[in-house]
Amino acid sequence: MDIGLELLAALCALAFLAGFVDAVVGGGGLIQIPALFVLLPGVPPATLLGTNKFASIWGTLTAAVQYLRRVPVEWHATLPTTATALVFGFLGASAAASIPADAIRPLILVLLIAVLAYTLAKKDIGALHAPKLSPRRTQWTALATGAVIGFYDGIFGPGTGSFLVIAFVGLFGFSFLAASASAKLVNVVTNGAALAFFIGAGHVRYDIALPMAAFNVAGSLTGTHMAIRKGSVFVRRLFVAVVGLLILRFAWDLWAA
């Protein structure tokens with residue numbers, strides 16, 4: 001399927017927006033994946049997903065590098081989360097065929113509503129970076145967090161970045177800014193594993209993915225800069241907006257089913 005310049009320009013503009021949102025609070029897939037499916041209906045779904053991963057991982061990597069340079073990272077929580085997220089992401093992907101997505105959507109909708117209510121009820125959550133767990137409890141909590149969210153990412157996926165952010169904020173006591181930094185590092189590793197599969201299976205349209213990746217990186221740089229400059233208050237507000245959109249997306253999927 002050949003695409004024209006106008007269609008490619010639209011995809012690139014949406015990739016920029018997705019990179020911006022994803023760099024701050026996660027959830028870029030909420031923008032980029034529907035855009036690919038709506039604008040490229042003739043392309044196989046697996047190829048669209050692989051193209052999305054290729055376009056988005058470079059923005060995620062760019063954001064991770066920017067955060068690493070400017071925001072202190074809590075490695076004792078981030079590394080265990082990354083390790084188990086990688087392992088359980090593979091397990092989730094292998095279980096995806098036996099657990100239909102339709103069975104998961106209602107549960108995820110309830111969880112998202114709970115996350116939004118929790119964030120709105122606690123006005124000061126994530127405003128300050130104040131880790132609250134002992135080193136031992138941090139390690140075990142990180143392993144469990146990576147296992148649960150990694151499995152979800154493998155079996156379903158949408159909203160993973162936002163779930164990581166709220167986990168680092170609510171469970172560990174991170175600020176929204178520090179949580180975004182840790183979430184990006186976890187996402188780079190898990191997305192890289194998924195992308196390796198898509199590339200190996202030939203499910204990437206490089207003629208679309210490469211220009212989208214460039215704009216995703218540009219959006220990521222812009223989003224990271226704004227997040228670091230404006231701090232956790234800005235990140236919290238965007239987080240609330242993204243979770244609200246995720247709720248609407250899942251509610252619409254359930255209603256339209």
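User: How many aromatic pairs does a search of the whole structure find?

Analyst: Welcome! This is a predicted model, and a search of the whole structure finds 9 aromatic pairs in it. One of them joins Phe54 and Trp58.

User: Why is the pair of Phe54 and Trp58 called edge-to-face?

Analyst: The ring centres of Phe54 and Trp58 lie 6.0 Å apart, and rings pair when their centres are within 6.5 Å. Their planes stand at 70°, and planes over 60 degrees apart count as edge-to-face, so the pair of Phe54 and Trp58 gets that name.

User: What separates Phe54 and Trp58 along helix H3?

Analyst: About one helical turn, because Phe54 and Trp58 are 4 residues apart in helix H3. In general, an α-helix has 3.6 residues a turn, so residues three or four places apart point the same way.

User: Are Phe54 and Trp58 buried or partly exposed?

Analyst: Phe54 has a relative accessible area of 10%, and buried means under 20%, so Phe54 is buried. Trp58 comes out at 39%, which falls between 20% and 50%, so Trp58 counts as partly exposed.

User: What makes the pair of Phe168 and Phe174 stacked?

Analyst: Here the angle between the planes is 10°, and planes under 30 degrees apart count as stacked. The centres of Phe168 and Phe174 are 5.6 Å apart, and both residues are buried.

User: Which residues do ring pairs link into a cluster?

Analyst: Phe54, Trp58 and Tyr206 are linked that way. Trp58 has another role too: together with Leu61 and Val65, Trp58 makes a nonpolar surface patch of about 250 Å².

User: How do you know that Leu61 is partly exposed?

Analyst: Leu61, which sits in helix H3 (residues 45–70), has a relative accessible area of 36%. Partly exposed covers values between 20% and 50%, so Leu61 fits that class. A residue in a patch needs over 30%, and the 36% of Leu61 agrees with that.

User: How many salt bridges does the structure hold, and what makes the contact of Asp207 and Arg205 a salt bridge?

Analyst: The structure holds 1 salt bridge. The side chains of Asp207 and Arg205 meet at 2.8 Å, N to O, and the cut-off is within 4 Å. As for their surroundings, Asp207 is partly exposed, with a relative accessible area of 45%, while Arg205 at 18% counts as buried.

User: Why is Gln32 called buried, and what does Gln32 touch?

Analyst: Gln32, in helix H2 (residues 29–39), has 2% relative accessibility. Buried means under 20%, so Gln32 counts as buried. Leaving aside residues up to four places away in sequence, Gln32 touches Ala15, Ala18, Asn52, Ala55, Ser56, Met212 and Asn216.

User: Why is Pro72 called exposed?

Analyst: Pro72 is found in the loop between H3 and H4. Its relative accessible area is 67%, and exposed means over 50%, so Pro72 is exposed. Although Pro72 and Ala178 are 106 residues apart in sequence, their C-alpha atoms are 7.3 Å apart in space.

User: How does the reach of helix H4 compare with the span expected, and what covers its buried residues?

Analyst: Helix H4 (residues 75–95) has 21 residues and reaches 30 Å from its first C-alpha to its last, close to the 30 Å expected at 1.5 Å a residue. Its buried residues include Ala77, Thr81, Gly89 and Ala95. What covers the buried residues of H4 includes helix H6 (135–155), helix H7 (160–170) and helix H8 (176–200).

Note on methods
Residues are numbered from 1 along each chain as its sequence is written. This is a predicted model: local features need pLDDT of at least 70, side-chain atom pairs count only at pLDDT 80 or more; totals for chains, interfaces and linings use all residues. Side-chain values use heavy atoms; hydrogens and water are left out. Patches are made of residues with over 30% relative accessible area and no salt bridge: like charges are joined within 9 Å, nonpolar side chains (Val, Leu, Ile, Met, Phe, Trp, Tyr) within 5 Å. Accessible areas come from the Shrake-Rupley method with a 1.4 Å probe; for residues, only the protein chains shown count as cover. Helices (H or I, at least four residues) and strands (E, at least two) are DSSP runs, numbered from the N terminus. Buried means under 20% relative accessible area, exposed over 50%, partly exposed in between (1.4 Å probe, protein chains only). The expected span of a helix is 1.5 Å times one less than its number of residues. Contact means heavy atoms within 4.5 Å.
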